[in-house]
Amino acid sequence: MLTQALQAIRYFAANPRYTVLYQFGSSSAVCSQVFRQPRARYALLAGELKQDPRFGHQLSHNFSATVHETFTLNEDHGFIYALVRLGKPKLIVETGVFDGVFSACFLQGLHVNATQDGVEGSLISIDLPAYEPIAASTNRMLRTNLPKGREPGWVIPDYLRPRWQLHLGDSRELLPRIGHQAGDIDLFFHDSLHTYAHMMFEYQTVWPLLKPGALLLSHDFHWNRAFRDFSREHRQRDLVAHGFGIVRKT
Ligand SMILES: C[S@@+](CC[C@H](N)C(=O)[O-])C[C@H]1O[C@@H](n2cnc3c(N)ncnc32)[C@H](O)[C@@H]1O
C-alpha cells in the first residue's frame, strides 16, 4: 500500500500536467476536443446510458445475484459509451476484461449505433482470466479475482453478446496475431497488465494497426510513464480524463 502511494506521489510530482488533468480534467472537455463536438452533445450521449431501460438494470441484477455487490453507473461508464456513440467505430479491440463492465459499455454503444443509426461494429477482447489475483493488474481492485466458476465478461447482458468475440490468454502472445488478423482498428483500449513494459508493448503493437483518426485509449495510464513516453515518442497530442489517457492518431 505504502509502495503504491509513494509510486503515485513520485509519478504525479514528475508529471504536473497529468496531475491537474487527473484531478480536474473533464470527460466532456476531452470528448469535445477529440471529436470537435459541443460539450452538450457529449452530455446528451453519456446520459443515454443511464436512461436505457435494460442496461443498468441487467448489470445491477447480475452483480447482486452473483457477488452480492451493488452496481451504479458512473462517469467513466458514460465516457466509454459516449466515445463509441460519437466515434461510431466499426472495430474495437480491448485487452483486460475482468467482470466485463467496460466491455459492456463498449457493446452497448455499438448496439445503439447499429439499432438507431444503422452503423454496425464489433468488439474483440483479450483477457488472461484472473482466477487468482494478478500483480500490477487486478491486485488494486476491490475484488481481485473473478467469481468462482465465472469466465471474463460474465456480467455482460446476453442481448449484447452477438457483437462480441473473446480470446482467453496473455495479450503479449495473442495481441500481435489477433490484431493483425483484425486489421484496421478504430479504437484500442488497454486495461490489462499495467507494467511499463507491457503497456508499451501493447501500444507499440497496435499503433500500426490503428486507422488514421483512430483512438488509443488507456486506463490507469498514470501507473507508470509508458503512456507519456509513448505519446511523446510518436509526437501525438495526449489528453487525459480521470483515469483515462487518450491519443487520436493523426
Ligand atoms: C483492471 S482489470 C480490467 C477491468 C475491466 N476492464 C473492467 O471493465 O472492469 C485487468 C484485467 O486484465 C487481465 N490481465 C492481466 N494480465 C493480462 C495479460 N498479460 N494479458 C491479458 N489480460 C491480462 C486481468 O486478468 C484482468 O481481467
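Colleague: Which helices and strands each supply at least two residues of the shell around the ligand?
Modeller: α7 (101–117), β2 (122–127) and α8 (171–182) do. Helices here are DSSP runs of H or I with at least four residues, strands are runs of E with at least two, and both are numbered from the N terminus. This is a predicted model: local features need pLDDT of at least 70, side-chain atom pairs count only at pLDDT 80 or more, and totals for chains, interfaces and linings use all residues. Residues are numbered from 1 along each chain as its sequence is written.

Colleague: Which residues come nearest to the ligand?
Modeller: G96, F98, F102, A130 and S192, out of 22 around the ligand. A residue is near if its C-beta atom, placed from the backbone, lies within 6 Å of the molecule.

Colleague: How do the shell residues divide into nonpolar, polar and charged?
Modeller: 11 are nonpolar, six polar and five charged. Ala, Val, Leu, Ile, Met, Phe, Trp, Tyr, Cys and Pro count as nonpolar; Asp, Glu, Lys and Arg as charged; the others, Gly among them, as polar.

Colleague: Now the sheet. What is the strand order?
Modeller: β3-β2-β1-β4-β5-β7-β6, an open sheet of seven strands with mixed pairing. Two strands pair if DSSP finds at least two bridges between them.

Colleague: Which are the edge strands?
Modeller: β3 (164–168) and β6, as each pairs on one side only. The twist averages 15 degrees from one strand to the next.

Colleague: How many bridges join β4 to β5?
Modeller: Five, and the strands, residues 185–190 and 210–219, run parallel. I185 stands opposite L210 in β5.

Colleague: Which strands does helix α6 lie across?
Modeller: α6 (residues 75–87) lies across β4, β5, β6 and β7 (244–248). The helix runs at about 170 degrees to β4. Axes are lines fitted to C-alpha atoms, for helices over the stretch in contact (C-beta atoms, placed from the backbone, within 7 Å). Angles run from 0 to 180 degrees between N-to-C directions.

Colleague: Different spot. Is R235 buried or exposed?
Modeller: Exposed, because R235 has 7 C-beta neighbours inside 10 Å. The cut-offs, on C-beta atoms placed from the backbone, are 20 or more others within 10 Å for buried, 12 or fewer for exposed, and partly exposed in between. R235 sits in the loop between α10 (226–233) and β6 (238–241).

Colleague: And the whole chain, how much counts as buried?
Modeller: 40% of the 250 residues. The C-alpha trace spans about 45 × 40 × 35 Å along its principal axes.

Definitions and conventions:
Two residues are in contact if their C-beta atoms, placed from the backbone, lie within 7 Å.
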